[in-house]
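I opened this notebook to record what I looked up in the structure shown below. My entries follow the order in which I consulted it.

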Amino acid sequence: MILTDNESKVLDETYQKRGRKNQLLKAIEELGELTRAIARRLSSEYEHEDVDNLAEEVVDVYITLEYVKKEVPNEMLLATKKKKIDRMRKKNRLIDLQTA
């Protein structure tokens, strides 16, 4: 998911009007709601239900992560992402070797 310019403007306006602290607290709240939605989804009773709620919580977290990203320099995020992806790639290769 990528934000359009218009969507980015709305997020920036919201951040300015509601403030840094409120938006970071909102991110914490949304992460908790996503955690509950995932746990519910993993429950065998609800595995095939409530996809709408899961989608809503994913989007809420996606949006609020844009506010959290303001706390970290973009260069640091990119470097950390590269490091994490490289580590995942190495672990995937090990799994492939173990299962071959």
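**Entry 1: Leu25.** I began with a single residue in this predicted model. Leu25 has a relative accessibility of 46%, so I entered it as partly exposed; that class lies between the limits of 20% for buried and 50% for exposed. I then located Leu25 in helix 2. Next I looked up its distance to Val68, a residue 43 places away along the chain. The C-alpha atoms of Leu25 and Val68 are separated by 9.8 Å.

**Entry 2: Two further residues of helix 2.** I turned to Lys26, which also lies in helix 2. Its relative accessibility is 30%, and Lys26 therefore counts as partly exposed. From the C-alpha atom of Lys26 to that of Asp5 I noted 22 Å, with their positions 21 residues apart along the chain.

Ala39 was the next residue on my list, and I found it in helix 2, which covers residues 20–42. With 46% relative accessibility, Ala39 is partly exposed. I compared its position with that of Gln23: the two are 16 residues apart in sequence, and their C-alpha atoms are 24 Å apart in space.

**Entry 3: The secondary structure.** I then asked how many helices and strands the protein chain has. I recorded four helices and zero strands. Read along the sequence, the pattern is α-α-α-α.

**Entry 4: The aromatic pair.** I searched for paired aromatic rings and found one such pair in the structure. The partners are Tyr15 and Tyr67, whose ring centres are 5.5 Å apart and whose planes meet at 20°; the pair is therefore stacked. The reasoning rests on a cut-off, because planes under 30 degrees apart count as stacked.

Which parts of the chain does the pair tie together? Tyr15 belongs to helix 1 (residues 5–18) and Tyr67 to helix 3 (residues 51–69), so the pair links parts that are 52 residues apart in sequence. I also checked accessibility here, and both Tyr15 and Tyr67 are buried.

**Entry 5: Thr14.** I moved on to Thr14, another residue of helix 1. Is Thr14 buried or exposed? Its relative accessible area is 17%, so I entered Thr14 as buried; the limit for that class is under 20%. I then listed its contacts, leaving aside neighbours within four places in sequence. Thr14 is in contact with Gly19, Gln23 and Tyr67. Tyr67 thus appears in two of my entries: as a contact of Thr14 and as the ring partner of Tyr15.

**Entry 6: The chain as a whole.** Finally, I looked up values for the complete protein chain. Its radius of gyration is 17 Å, whereas a compact globule of 100 residues would have one near 13 Å. Along the principal axes, the C-alpha trace spans about 55 × 40 × 25 Å. Of the 100 residues, 14% count as buried; I had already met Tyr15 and Tyr67 as buried residues.

I then considered contacts between residues at least 6 apart in sequence, and 63% of these join residues at least 24 apart. For the surface, I noted that the protein chain exposes about 8,200 Å², of which carbon and sulfur atoms supply 56%. My last note concerns charge: the chain has 20 positive and 20 negative charges, and their mean positions are 10 Å apart.

Note on methods. Residues are numbered from 1 along each chain as its sequence is written. This is a predicted model: local features need pLDDT of at least 70, side-chain atom pairs count only at pLDDT 80 or more; totals for chains, interfaces and linings use all residues. Side-chain values use heavy atoms; hydrogens and water are left out. Helices (H or I, at least four residues) and strands (E, at least two) are DSSP runs, numbered from the N terminus. The radius of gyration is taken over C-alpha atoms; the globule rule is 2.2 Å times the number of residues to the power 0.38. Buried means under 20% relative accessible area, exposed over 50%, partly exposed in between (1.4 Å probe, protein chains only). Contact means heavy atoms within 4.5 Å. Accessible areas come from the Shrake-Rupley method with a 1.4 Å probe; for residues, only the protein chains shown count as cover. Lys and Arg count as positive and Asp and Glu as negative; His and the chain ends are not counted. The place of a charge is taken as NZ of Lys, CZ of Arg, CG of Asp or CD of Glu. Rings of Phe, Tyr and Trp (its six-membered ring) pair if their centres lie within 6.5 Å; planes under 30 degrees apart count as stacked, over 60 as edge-to-face and the rest as tilted.
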